[in-house]
Amino acid sequence: MMTENFTDTVLYFIELLLGGLTRGSIYALIALGYTMVYGIIELINFAHGEIYMLGAFTALIVSGIMTMYGYAGMSVFFTAMLVAALYSSAYGYTIEKIAYKPLRNAPRLSPLISAIGMSIFLQNYVMLAQTSDFMPFPSLIPDFECLSWIDYMIGGPELVILITTVIVMICLTFLIKYTRIGKAMRATAQDKKMAMLVGIDINRMISATFVIGSTLAAIAGVLIATHIGQINFYIGFIAGIKAFTAAVLGGIGSIPGAVLGGLVLGLTESFATGYVSSDYEDVFAFALLVLILIIRPSGLIGRNEMQKV
Amino acid sequence: MRYILKWIALLFIPAFCSYALAADTINLGVAGAHSGDLASYGLPSVKAAELVVNDINAKGGVLGKKVIIWAEDDACKPELATNTATRLVSKGVHVVMGHICSGATKAALGIYKDMNIVTMSPSATNPDLTQNGNYPNFYRTIASDDAQARLEVDFALNKLKVKRIAVIHDKGDYGKGLAEFAKKFIEQSKKAQVVLYEGITPGAVDYSAVIRKIKRSKAGAVIFGGYHPEASKLVSGMRKKRMDTIFISDDGVKDDTFIKVAKKYAEGVYATGPKDVSQNPMTIKATKDHQKKYGKDPGAFFLNAYSATLALLNAIQKSGSIEYESIRMALQNEYVETPLGKIRFDKNGDAEGVGFSMYQVKNGTYVEIKE
């Protein structure tokens, strides 16, 4: 009896842990976009949540067309994700060129307002072009047979989310740390003028940052949409707010910080729901944010910089 | 100043009454929001009353007298509703069909009660209006807010015989209101246990933690108060975790979008929804008359207002008098055929047989569960 209760408790803990990690991975993927853009041009890109939403919608359309032509399974998933990533990064690139680049030397508040405007525009654009209703999203990730013995703990989609996130993080770290473009991006983030002097095209670097951030958001969008099975034009808003919180929690501007912040936020929410009450899910998440910002104003592993907003 | 005027007006009422009673008509008051942003709730009731009264007058009226409609606006505001009521009383109405909003209805009821005027609302759903017993003159042709929760709980306890129930809501007015009633009814019945009572955040990325909690609570059924987007996330999440927990929800989920989104996972889900009366010949006739006279489909609460007017006039006809007590007796004892079905009223004033049915998703559509 005693052991049974104990196993139960442990299993419940593991379930909550996995749920929190899954949710945290999604936050982390979106938070990376916020943090990278902030790191390089010190702008909070409020339209980032909408990029995530656009990714999900693109994947919905692509998978709809592919299913019509008789494709099925993981091939649809990968194609949809690829197209969504390309399409969303095109959006990210264009948004930067239209809404932020002309304002690069304007007062700090101007691009912020421009970002909010872009976010509202994209939401309404999708609402008018698609529908305001919820749309069903196909389960592109099957429940793997080999997992059936633990699928009460972790299903196929959750496992794919976790694995994809890890792979994406490794690729991103490699890109930033060991490639020419990564080096150039870091240089731009540190000092734009000096970077220009040594021959770095900083406009290209900023565009590259937006493209990478948008790709990550699109991947997150497709993963979560196929996991929960429904999307509408508004999903970017809450996910965006949470991811932004995660980015701040970890220290905005810091790439490992965004990942850590996302995971901490996801786990906090999951455990708050599991052990206290889901009524207090957001209360705990934001109380944690306040607490960490009081103790460490620049976030968990953020750099200390005075001139930030 | 207005307050004083109102009391002065009240003093004059008896004089006007006797004048009106002498006249050889039956006076039907119709009160509700006829202007303002809630006019779309009130105006259909005026049209319903007109259609019914035209029909009845064409057949010789009630008790051989012509029926006259006195329509008064309250804009759904409680502070205006008392004036509206006073004006109607001063015009000598015998019965009132209205008001529309619960708040306005409650404010006006006291005045009608003092004047012994039977009042019947087509749309005021606040449970207290009938259940607190303060207004014996009040009737309604719409189910009260707690009716859905009552139906959900009765169904879970008596039909499905569940012993452990998780009550989940979406923290909204509608969903949380229903969930609170459901919890209260389960606890009162003592037949089952509320093992979990939680609110979830609409639009959250996923609900996996809550779903795991439901699983851990070993609930036999979930009663969910809220709308279909959250419901479909919860149901699909539960089914993916191979939980066969029964899912019971409300009108907000009895929507085809729910089935479209949740697809195969929607199968077997229960949801309450308004009784289907579209096949009732009287409904078809009332709708057709409305289209003929006004050139469009009827608006909100039209059928409830149509039925209320019929019930009131029928009660006067059956009782053979315009006396308060005899009208009340007739409302409670005589059945009347209306678009909402054959109805009479219980001693609280709620219409018997009006309201909600339980539906279940079978093969991709909601099917009404017959008793």
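This passage describes the fold of chain A, a sheet in chain B, and the contact between the two chains. The model is predicted.

Chain A contains 11 helices and 2 strands. Read from the N terminus, its elements follow the order α-α-α-α-β-α-α-α-α-β-α-α-α. The radius of gyration of chain A is 20 Å, and the globule rule gives 19 Å for 309 residues. The two values are close, so chain A is as compact as a globular protein of that length. The C-alpha trace of chain A spans about 70 × 55 × 40 Å along its principal axes. Of the 309 residues in chain A, 48% are buried. Contacts within chain A also reach across the sequence. Among those between residues at least 6 apart, 77% join residues at least 24 apart.

Chain B holds an open sheet of 7 strands. Their order is β7-β6-β8-β9-β10-β13-β14, and the pairing is mixed. Strands β7 and β14 (365-368) of chain B form the edges, each pairing on one side only. On average, neighbouring strands of this sheet are turned by 30° against each other, direction ignored. Strands of a sheet pair through backbone hydrogen bonds, either parallel or antiparallel. Strand β6 (residues 164-169) and strand β8 (residues 221-225) of chain B run parallel and are joined by 5 bridges. V167(B) stands opposite I223(B), a residue of β8(B).

Two helices of chain B lie across strands of this chain. Helix α6 (residues 147-159) of chain B lies across β6, β8, β9 (246-249), β10 (270-274) and β13 (356-362) of chain B. Its direction makes an angle of about 60° with β13(B). Helix α7 (residues 173-189) of chain B lies across β6, β7 and β8 of chain B. Helix α7 of chain B runs at about 160° to β6(B).

The two chains touch. In this interface, 25 residues of chain B are in contact with 29 residues of chain A. On the side of chain B that touches chain A, four elements give two or more residues: β7 (193-199), α8 (208-216), α9 (228-240) and α10 (256-262) of chain B. The most comes from α8(B), with 6 residues. By residue class, this side of chain B divides into 7 nonpolar, 7 polar and 11 charged residues. Strand β7 of chain B thus appears in two settings: it is an edge strand of the sheet, and it gives residues to the side that touches chain A.

Terms used. Residues are numbered from 1 along each chain as its sequence is written. Chains are lettered from A and ligands numbered from 1 in the order in which they are written. This is a predicted model: local features need pLDDT of at least 70, side-chain atom pairs count only at pLDDT 80 or more; totals for chains, interfaces and linings use all residues. Two residues are in contact if their C-beta atoms, placed from the backbone, lie within 7 Å. Ala, Val, Leu, Ile, Met, Phe, Trp, Tyr, Cys and Pro count as nonpolar, Asp, Glu, Lys and Arg as charged, and the others, Gly among them, as polar. Two strands pair if DSSP finds at least two bridges between them. Axes are lines fitted to C-alpha atoms, for helices over the stretch in contact, and angles run from 0 to 180 degrees between N-to-C directions. The radius of gyration is taken over C-alpha atoms; the globule rule is 2.2 Å times the number of residues to the power 0.38. A residue is buried if 20 or more other C-beta atoms lie within 10 Å of its own, exposed if 12 or fewer, and partly exposed in between; C-beta atoms are placed from the backbone.
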